[in-house]
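Let's take a walk through a protein chain together, starting with the big picture and then stopping at a few spots worth a look. Keep the structure open while you read.

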Amino acid sequence: MKSNKNVLIALFISIITVVHAQEYTYVPDITSFDKKHYGAGRQNWDISVDESDNIYIANTEGLLRYIHGQWVLNELPSGKSLKSVCVYENKIWCGGDEIGFFDIDNRGNLSYNYLAGIDGDVWQIETKGENVFFQSNNYITIYNIKTKSLVQYTFPKSISGLGKWRNQVWTISGDNGLGTLDFDGFKLVKPFPPGQNNEVRVLFEHNDKLYIVLLNGQVFTFDGVDFNKIEMPEQLSYFSAVHYDENTIYLGSILEGIIPVKTEAEGFSFQQKVQQQNGLLDNTVLSLAVDNNGNLWAGLDYGIAMLDKESLLKTIVRKGATYDIALNNNTIYVATNKGLYSNYNSTDFSLVTGTQGQVWALNESASGLFACHNNGLIKIDNNTPQLLYNKTGVMDVAQIGSSNQFMFSAYTGVLWMHKEKGEFVEKQNLWLWGNPKLSYDKANDCVWAYGGSADTIVHRIQLIDDSCAVSKTSLRDVFDTDYGLFFYDGKTILESDNGKFVQSQMALIQGISGENITALAVSPDNNIAVYIQNQELKMIEELADGSTVVHNKLLSEVNNDLLKQFECLKISGKLLYITTDQGVKVLPLNLRHNQHTLKEPIISLIEITYSEDVKSRSLYYPYTNTELILESRHFKTISLSFASGKKQKIEYRYRLLPYIKEWSEWSFSQKYAAYGDLKPRNYTFELECRYNGAIVKETKLPILIKGIGYYYLPIAVIGFILVAFSLIILQYVKNRKLRLKHQQFKRRSNEEQLKSKKEQLLQFTEVIRHKNVFLVEVSDALARMKNSTAARWVKKIDNEINKEKKEFLFHKLFAEDHQDFIQRISTEFTILTQNDIRLISFIRINANTSEIAQFLNISTSSVDTARYRLRKKLDLEHTQNLNKFILDY
């Protein structure tokens, strides 16, 4: 949309732009968390950061932790709120209307230790050596870590502010003034009258001075000798403050949000305030802290905010959908859907008065800077607007050289306009619709109309004498860059050479090809080009050896913010400007390869589930970066979280070797990986991240899943042993075969002998049984005679039957063949009698109850009684079968 510029003018503007660019107050990228995100109370009173970059926040519902994307709330056993927090000596010290600390175990889980109740809330915590200092309204309570002792000092009027400076803990007594604290109490250094009737909110160190911030908005410094009151640009009420770097502090106000303050020798200056209109959930800032990456955290009266300082892409203005930008007289002008904004005589952007509405384009020509507005055409001179044409809305304008002839891309079509006596007069409507963009081509003395919404045809507009000729071309787009005009036929970038379109001779441009290219910018030194293709922002760079490299993902974080049909790129000096649907982002080109901001990906949380009888467990960073050992007989699933998903700037991919060898797809939104049904063995979880598609970092986590037989000798060791003894084994193969044959022959022989003996015993048993039946009949007949002689014979017969069964049958039928069994069971159960052994013997040969009663000449009920007593002696459970136990013994 801009015409070609004189090289010297362009060079001059580039130089002053680089100088001016250093003065930008970048609008930070803000990530806001409300209580639905973090799952706790609305107010966040204090913030502390540990060496692992975990964030600890004193919340109204307890201790709130942010562990690289994971929010965890640890409530106090009392259920009370916290007003202060401090990480020190691997403990999290907490204060509210009680004081205590959380211990951290080797999984990152916390357990609370109560120390004492406090009259009034503890607002500040500071540490030095073995002592922890807790400041409430009228008390300083000191806890000695080594001796585990508490001491408390009372200040009748007030005590406020607590900070560390020159290795001393400082506070301000309303009765006395500024002084130091140790376990022995308060030591006055210098009276401080402003602190007698005003609350001191914060004491902190900045550039080797102690800064004193009062609630009423006054700020003082103390150099060890004198106090110096700082003249602030604006009188506000402050609740929090923090040192950022040697030139910057941040103040947290009660009503005006976060205020960056430049602390330069010539005086303090407010930078652009960060407020609700910039993305904060609330303008009351209760606490501030800086993490290890330079990001600023703010605890608000409602919610939490994180101001991202790491991204290479910085926002310089966030005022709405942005269509165009122009650099003019050391000022940047931004065309938005809300009006024209500029940083005229300031580092902040503000609305140019009288330009409210849609500003579609900016065009700098021989007649000055024009803003194309929905009300018409506006000329901008030293930040002052002048409406030159108001008959219809204007989308773009092109002046033909230095003449008084203009082309307007207006709401009513493309208009040929003539400027007479300061006024624009319509000469002809060219009936080109779709509000195309316009660019004047000095080399071909024509205006190109392109990029309209009606079609993709590029039209050439040329004035011949007093007429206007419009012709269609085969081109699809035109790119108006500070280096000159480039043309696009839908596949190739072209240049105009004596009226003909030929492929560009620039190696840089030759590396750009393909369909759907919609924007192009070339650096003044011709070694970098940035373009948009398929709604993706890409960069191509020419290396020192003349080769080119394309960075397809370098600027990917801004792809979703590009405004279709209004894509605008500009390279000036060492800065790339990109218009988005929210404002303007810039990239310092000399920092495009900076890898410092990207660290190894962090596994923030590991969650392990087990079988129903084992409780699940969680591990939090930094306790997630060592080898993980799991028991397979209990382990069920494992999930690993590694991205918060709040900001889509970093892509992740992962795999679990050797379970899954293929990498997952690169993803901005993937938050975790989960696995189940893993077999016992060693695994390695590999996680990679990349920033803007170019910088890759990796983290590896070993995972060992132990099985029941995991501790057997490894296969490699077994193989070694087998090889080592293979020769010996071969020597004995023949002997082993002979021994096996001999053992088989002996076993068969024994089995046949045993079978034969059992058959003989069964035959003996049958003979004896028949004989005993006969003797029982004789005994019954004699018993019926009822005389003494008959009775004696009955008794002799009974004794003979019993003796034969108990002695002959036992020894012949069982004892000879089961001698080892009798010895083993008698040794283990010494309480067994001979009758028990006989009963066991009959059960061993599978005799049933009736047969046992007949052999022993007793009733079946007596056998049952004997079996019951035997079970008790063998100590069998009621579910165990006696016969099975004896047969399996």
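Start with the outside: the accessible surface of the chain adds up to about 43500 Å², and 49% of that belongs to carbon and sulfur atoms. Bear in mind that this is a predicted model. The mean pLDDT, the predictor's confidence in each residue on a scale from 0 to 100, is 85 for the chain, and 87% of the residues reach 70 or more. One stretch to treat with care is residues 1-23, where pLDDT stays under 50. The model has 41 contacts beyond four places in sequence for that stretch.

Now for the overall build. The chain has 11 helices and 64 strands. Of its 889 residues, 49% are buried. If you take the contacts with a separation of 6 or more, 47% of them are between residues 24 or more positions apart.

**Two helices with two sides**

Helix 10 covers residues 860-874, which makes 15 residues. From its first C-alpha to its last, helix 10 reaches 21 Å, close to the 21 Å expected at 1.5 Å a residue. Which residues of helix 10 are buried? They are Val863, Arg867, Leu870 and Leu874. These buried residues cover an arc of only 65° around the axis, so they sit on the same side of helix 10. Turn to the face pointing away from that buried side and you meet the exposed residues Tyr868, Arg869 and Lys872. Right after helix 10 comes aspartate 875, with a positive phi near 60°.

Helix 7 (residues 819-828) can be read in a similar way. Its buried residues are Phe821, Ile822 and Ile825. They cover an arc of only 95° around the axis, which puts them on the same side of helix 7. The face of helix 7 turned away from its buried side carries Gln819, Gln823 and Thr827, which are exposed.

**Three polar side chains**

Next, have a look at lysine 570, which is part of strand 54 (residues 569-572). Is lysine 570 buried or exposed? Its relative accessibility is 11%, so lysine 570 counts as buried. Its side chain makes a polar contact with the side chain of aspartate 482, at 3.2 Å. Beyond its neighbours within four places in sequence, lysine 570 is in contact with several residues, including Ile325, Leu327, Ala521 and Tyr577.

Asparagine 283 belongs to the loop between strand 25 (267-270) and strand 26 (285-290). With 16% relative accessibility, asparagine 283 also counts as buried. The side chain of asparagine 283 reaches the backbone nitrogen of glutamine 276 at 2.9 Å. Not counting residues up to four places away in sequence, asparagine 283 touches Ser253, Ile254, Leu255, Glu256, Gly257, Gln275 and Gln276.

Glutamine 670 is in the loop between strand 61 (650-657) and strand 62 (672-676). Its relative accessibility is 27%, so glutamine 670 counts as partly exposed. What does the side chain of glutamine 670 reach at 2.4 Å? The backbone oxygen of tyrosine 672. Along the sequence, glutamine 670 and tyrosine 652 are 18 residues apart, while in space they are 7.1 Å apart, C-alpha to C-alpha. Leaving aside its neighbours within four places in sequence, glutamine 670 is in contact with Phe642, Ala643 and Tyr654.

**Backbone oddities**

Most residues other than glycine have a negative phi, and most peptide bonds are trans. With that in mind, here are some backbone angles to look up in the model:

| Where | What | Angle |
|---|---|---|
| Tyrosine 621 and proline 622 | cis peptide bond | omega about 10° |
| Leucine 657 and proline 658 | cis peptide bond | omega about -5° |
| Asparagine 207 | positive phi | phi near 50° |
| Aspartate 208 | positive phi | phi near 60° |

So where do these prolines lie? Proline 622 is in the loop between strand 58 (617-620) and strand 59 (628-631). Proline 658 is in the loop between strand 61 and strand 62, and that loop also holds glutamine 670.

Asparagine 207 lies in the loop between strand 18 (200-206) and strand 19 (209-214), and aspartate 208 is found in the loop between those strands too. Asparagine 207 is partly exposed, with a relative accessible area of 40%. Aspartate 208 is partly exposed as well, at 43%.

Terms used
Residues numbered from 1 in each chain as written. Predicted model: local features only at pLDDT ≥ 70, side-chain atom pairs only at ≥ 80, totals over all residues. Heavy atoms only, no water. Helix = DSSP H or I, 4+ residues; strand = E, 2+ residues; numbered from the N terminus. Expected span 1.5 Å × (residues − 1). Buried < 20%, exposed > 50% of the residue type's maximum accessible area, 1.4 Å probe, protein only. Arc of directions from axis to C-beta. Contact = heavy atoms within 4.5 Å. Polar contact = N/O pair within 3.5 Å; in protein donor to acceptor, adjacent residues only side chain to side chain. Areas by Shrake-Rupley, 256 points an atom, 1.4 Å probe, with all protein chains shown as cover.
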